[in-house]
Amino acid sequence: MINYLVVGTGGVGASIAAFLQLGNKNVECIARGEHLERIREGGLVMESTLKGNQTVPLEVYSSEEYMGKADVIFVCVKSYSLDSVIDLIWKASHNDTVVIPILNVYGTGPKLQQKLPGVTVLDGCIYIVGYLTGPGQLKQVGKIFRIVYGAYKDSQVDRELLLHIQKDLVECGIKADLSEDIQRDTFVKWSFISAMAYTGAYYEAPMGEVQKPGEIRETFKGLPAESQQIGLKVGILFKEDLVEYNLKVIDKLAPESTSSMQRDIEKGNNSEIDSLLFEMIRLAEEYGIEIPTYRKVAEKFRK
């Protein structure tokens, strides 16, 4: 049986850990502060569209406490916290450990691989609406819970292990896709979450407003139209038009859905604004691509 470690138990990490635990898989997770203590004392209190309302017991540790070794490490921290977990990943890895970053940022896998020579780092992304409502409390909304993961073409990875991970996730109620082109698939997710986050934040609106015809939906459509031009310049071969794909995804979300970045901005917390918005603008400038919709949205957040 695979030993899983989930690093970061926010909305994404807690959802993965909870579903693995409910599927009787070996899973441990890393948390901190009051969130860690609440889970340790009384389990993770989960309100879930897919799993119902229940309390999930989890093996949880701080980064400093954890002394185990994991076969598969899901990295679910925000992009601005990635450097802070490098030492933990080193400590938790053995010779055959596979690391799967599940972030919203394009190119995370290769960047993490440079910092972890000798450790096998894949790449991945997730489609879910899951967020913490308080310490030790998780809310998962809607019927979408999909993880896409895979290795870059020059990586040497045990395919049987990758298929075993897929089998475990599916058994736990998670749609799991083993990607044949993880560069493309992580770019597609980056395009989607960037458009979702900044349309919602710009208009201070949930996704139900994006689902209606009008100005908000047109702004949402403009963002992936521009990011698609960037992707083509980078050399990505898309399977379908990004605007149409993103509309299909957004229209399946619960109307009350918002992105974690939108919620962070509303609360005045640290957010992924640089990696989801300004990194897109930097890439556009590098390739000489005009992105008027992104620039319109960025004006609100430049400060």
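A nonpolar core is a set of buried Ala, Val, Leu, Ile, Met, Phe, Trp, Tyr and Cys residues joined through side-chain atoms within 4.5 Å. The model discussed here is predicted.

Q: Which residues have the most contacts inside the largest nonpolar core?
A: The largest nonpolar core of this predicted model has 50 residues. Several elements supply at least two residues each, including β9 (123-134), β10 (137-150) and α6 (182-203). The residues with the most contacts inside this core are Y198 and L277.

Q: Which element gives the most to the largest core?
A: The helices that each supply at least two residues of the largest core include α8 (215-234), α9 (242-250), α11 (273-287) and α12 (292-301). One helix gives the most, with 11 residues. That helix is α6.

Q: Which residues does Y198 touch, not counting residues up to four places away in sequence?
A: Y198 has, with L277, the most contacts inside the largest core. L277 is itself one of the residues that Y198 touches. The full set is M261, E272, I273, L276, L277, V297 and F301.

Q: How many residues are in the second, separate core?
A: A second core is separate from the one around Y198 and L277. Its members include L20, L36, I39 and V72. The second core has 40 residues.

Q: How many of the 22 residues of α6 are buried?
A: α6 reaches 31 Å from its first C-alpha to its last, close to the 32 Å expected at 1.5 Å a residue. E204 follows α6 with a positive phi, near 50°. The helix is mostly covered, and its buried residues number 19.

Q: Which helices do the buried residues of α8 pack against?
A: α8 has 20 residues and reaches 29 Å, close to the 28 Å expected. Its buried residues include F220, L223 and I230, and also R217 and E226. They pack against α6, α7, α9, α11 and α12.

Q: Is R263 buried or exposed?
A: R263 lies in helix α10 (residues 260-267). Leaving aside neighbours within four places in sequence, R263 is in contact with G130, Y131 and T258. Buried means under 20% relative accessible area. R263 has 15% relative accessibility, so this residue counts as buried.

Q: Which residue stands opposite V45 in β4?
A: Strand β3 (residues 44-48) and strand β4 (residues 52-56) pair in the antiparallel sense over five bridges. A hairpin of three residues joins β3 to β4. Opposite V45 stands T55.

Q: How many residues apart are K115 and D83?
A: K115 forms a salt bridge with D83, with the closest N and O atoms 2.3 Å apart. K115 is in helix α4 (residues 108-115), and D83 is in the loop between β6 (70-75) and α3 (86-92). K115 is partly exposed at 40%, whereas D83 is exposed at 52%. The pair links distant parts of the chain, with a separation of 32 residues.

Q: Which helices hold R295 and E285?
A: The side chains of R295 and E285 meet in a salt bridge (3.1 Å, N to O). R295 is partly exposed at 30%, and E285 is partly exposed at 49%. The pair ties together parts 10 residues apart in sequence, since R295 lies in α12 and E285 in α11.

Q: Which residues do salt bridges that share partners join into one network?
A: K167 and E171 meet in a salt bridge (2.7 Å, N to O). Both lie in helix α5 (residues 159-171), four residues apart, about one turn of the helix. The network joins K25, K167, D168 and E171.

Technical notes:
Residues are numbered from 1 along each chain as its sequence is written. This is a predicted model: local features need pLDDT of at least 70, side-chain atom pairs count only at pLDDT 80 or more; totals for chains, interfaces and linings use all residues. Side-chain values use heavy atoms; hydrogens and water are left out. Buried means under 20% relative accessible area, exposed over 50%, partly exposed in between (1.4 Å probe, protein chains only). Contact means heavy atoms within 4.5 Å. The expected span of a helix is 1.5 Å times one less than its number of residues. Two strands pair if DSSP finds at least two bridges between them. A salt bridge is a side-chain nitrogen of Lys or Arg within 4 Å of a carboxyl oxygen of Asp or Glu.
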